[in-house]
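Opening a fresh page for this one. I want to look up how the parts sit against each other, then check the backbone for oddities.

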Amino acid sequence: MKEKSIIKFENFSFRYDSANEFILKNINLEINKNELVILAGPTGCGKSTLLRSIIGLIPHMHGGEYKGRVIVDQLVVNDVKITDLAKKAGFVFQNPENQIFMFSIERDIVFGLENLGTSRTIMKERVDSILSLLKIEHLATKAPHELSDGEKQKAALAGILAMQPKILILDEPTSLLDPKTAIDFINIVNDLRKKIGMTIVIVEHRLDLVVGIADKLIILSNGKIIENNNPKQVLHYSNQLIPEIGIPVISRLYRNLAKSNYDFDNVIVTVKDMVKEMRRKKFND
Ligand SMILES: Nc1ncnc2c1ncn2[C@@H]1O[C@H](COP(=O)(O)OP(=O)(O)OP(=O)(O)O)[C@@H](O)[C@H]1O
Ligand SMILES: [Mg+2]
C-alpha cells in the first residue's frame with residue numbers, strides 16, 4: 001500500500017542533554033502528504049523541539065536522550081545525515097536574521113543550491129522563478145541589512161523553496177511582522193501549497209491567521225499532544241482548549257452564540273464565514 005503519511009513519530013521521546021526532564025513525551029503522530037498543519041501550545045511546551053526533531057537538528061546537532069523513531073519521507077531521522085534530511089524538509093526560523101547571511105538575496109538563494117550540488121543553469125532558473133513566485137524580484141540584488149523584516153522573511157522563504165523541499169517547516173514565521181504583512185505571508189504560503197503541492201507544518205501563535213487554511217490543528221501541552229484534528233473540530237468541540245493557544249475571537253463568538261442556542265448550519269472559524277452566516281440569517285436575541 002502507498003504510504004499516506006510523510007512525517008511519522010513513533011513512541012518518540014526526547015530529553016536535552018542539559019535537562020533533567022523529557023521535553024517531548026511519547027509522541028505518536030502522522031502528518032499526511034500535502035497537509036497544512038498548525039502546531040500550537042503554550043511557551044516552552046516543546047513546539048520548536050518537535051520541529052527540530054523533524055529536520056534532524058535533533059539528534060544530530062542537539063544531543064540528548066532519544067527514544068522511539070521519527071520518519072521523514074521514508075528516512076529514519078536518527079539513521080541518516082542531516083544533509084539528506086535538508087533535501088526533504090526546509091526550515092524557516094522565527095528570526096530571518098539567522099537564515100540569510102550572504103551579500104545579496106540572490107547570492108543567498110544560490111548558496112543553498114550550491115550546497116545541494118545544483119548545476120549553474122538550473123540555479124539561474126530556480127532563482128528567477130522563486131523570486132517571481134514570491135513577487136520579490138526587486139530584492140534580488142539587495143543586501144540583507146537593506147530589507148525590512150517582512151522582506152527578510154520572504155527572502156528566507158525563497159532560499160528554502162529554491163531547494164524544492166517536499167516539506168516546509170515554519171517556526172513562528174509571522175512573529176516579527178505587522179498584521180497585514182503577516183496575512184500576506186500566510187497567503188503566499190497557502191498559494192504555494194496549491195501551486196507546488198507541499199506538506200507544511202507551521203508553529204503559529206496567531207491562530208486566526210491560519211485556521212481558515214489549515215487541515216489540522218495540533219495542540220501540544222507539556223510535551224504531549226492533547227489535540228490533533230480538523231481546526232473546526234478542535235476549536236469548537238474540544239474540552240481541552242487552553243487559553244495560551246490564543247483561541248481566535250471568531251471561535252469564541254461562535255462558541256458563545258452556539259451556547260445561547262443560535263442555530264448555526266456550519267462550524268465557523270473565519271470572519272468571512274461569520275459575516276456570511278450573519279447575513280444569511282436574521283439574528284433573534
Ligand atoms: N537546546 C536546548 N537545551 C536544553 N533545553 C532546551 C533547549 N532548547 C529548548 N530547551 C527547553 O525545552 C523546553 C521546550 O522548548 P521549546 O523551544 O521546544 O518550546 P516552544 O514550545 O517552542 O516554546 P516557545 O513558544 O516559547 O517558542 C523549554 O523548557 C526549553 O527551555
Ligand atoms: Mg519555539
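My entries below go from the domains to the sheet and then to the backbone.

**Entry: domains**

Note to self before anything else: this is a predicted model. I pulled the domain assignment, and it splits the protein chain into domain 1 (5-235) and domain 2 (248-285). Their C-alpha centres sit 33 Å apart. For the contact between them I get seven residues from domain 1 and six residues from domain 2.

**Entry: the interface**

How much area is buried between domain 1 and domain 2? I read off about 600 Å², with carbon and sulfur atoms giving 72% of that. Next I asked which three residues of domain 1 bury the most against domain 2. They are Val211, Lys232 and Leu235, which together supply 74% of the area on the domain 1 side.

Then the polar side of things. I looked for salt bridges across the interface of domain 1 and domain 2 and the rule found zero. Polar contacts do turn up: two residue pairs are counted between the domains, both at pLDDT 80 or more.

Where does the touching side of domain 1 come from in terms of helices? I find that α8 (207-210) and α9 (231-237) each supply at least two residues of it. The largest share is from α9, with three residues. By residue class, I logged that side of domain 1 as four nonpolar, one polar and two charged.

**Entry: the sheet**

I traced an open sheet of four strands, in the order β2-β1-β4-β5, with antiparallel pairing. Reminder for myself: strands of a sheet pair through backbone hydrogen bonds, either parallel or antiparallel. The edges are β2 (24-32) and β5 (75-76), each pairing on one side only.

I zoomed in on the β5 end. Strand β4 (residues 64-72) is joined to β5 by two bridges, and the two run antiparallel. Valine 72 has leucine 75 in β5 as its bridge partner.

**Entry: backbone oddities**

Which residue sits in the loop between β4 and β5 with a phi worth a note? That is aspartate 73, which has its place in that loop. Its phi is near 45°, a positive value in a residue other than glycine. I wrote it down because most residues other than glycine have a negative phi, and most peptide bonds are trans.

The second half of that reminder leads to my last item. The peptide bond from isoleucine 58 to proline 59 is cis, and I have omega near 5°. Proline 59 itself lies in helix α2 (residues 57-60).

Definitions and conventions
Residues are numbered from 1 along each chain as its sequence is written. Chains are lettered from A and ligands numbered from 1 in the order in which they are written. This is a predicted model: local features need pLDDT of at least 70, side-chain atom pairs count only at pLDDT 80 or more; totals for chains, interfaces and linings use all residues. Side-chain values use heavy atoms; hydrogens and water are left out. Domain bounds come from an automatic or database domain assignment. Contact means heavy atoms within 4.5 Å. Buried area is the accessible area (1.4 Å probe) that two parts lose on being put together, summed over both. A salt bridge is a side-chain nitrogen of Lys or Arg within 4 Å of a carboxyl oxygen of Asp or Glu. A polar contact is a pair of N or O atoms within 3.5 Å; within protein, one must be able to donate a hydrogen and the other to accept it, and residues adjacent in sequence count only if both atoms are side-chain atoms. Ala, Val, Leu, Ile, Met, Phe, Trp, Tyr, Cys and Pro count as nonpolar, Asp, Glu, Lys and Arg as charged, and the others, Gly among them, as polar. Two strands pair if DSSP finds at least two bridges between them.
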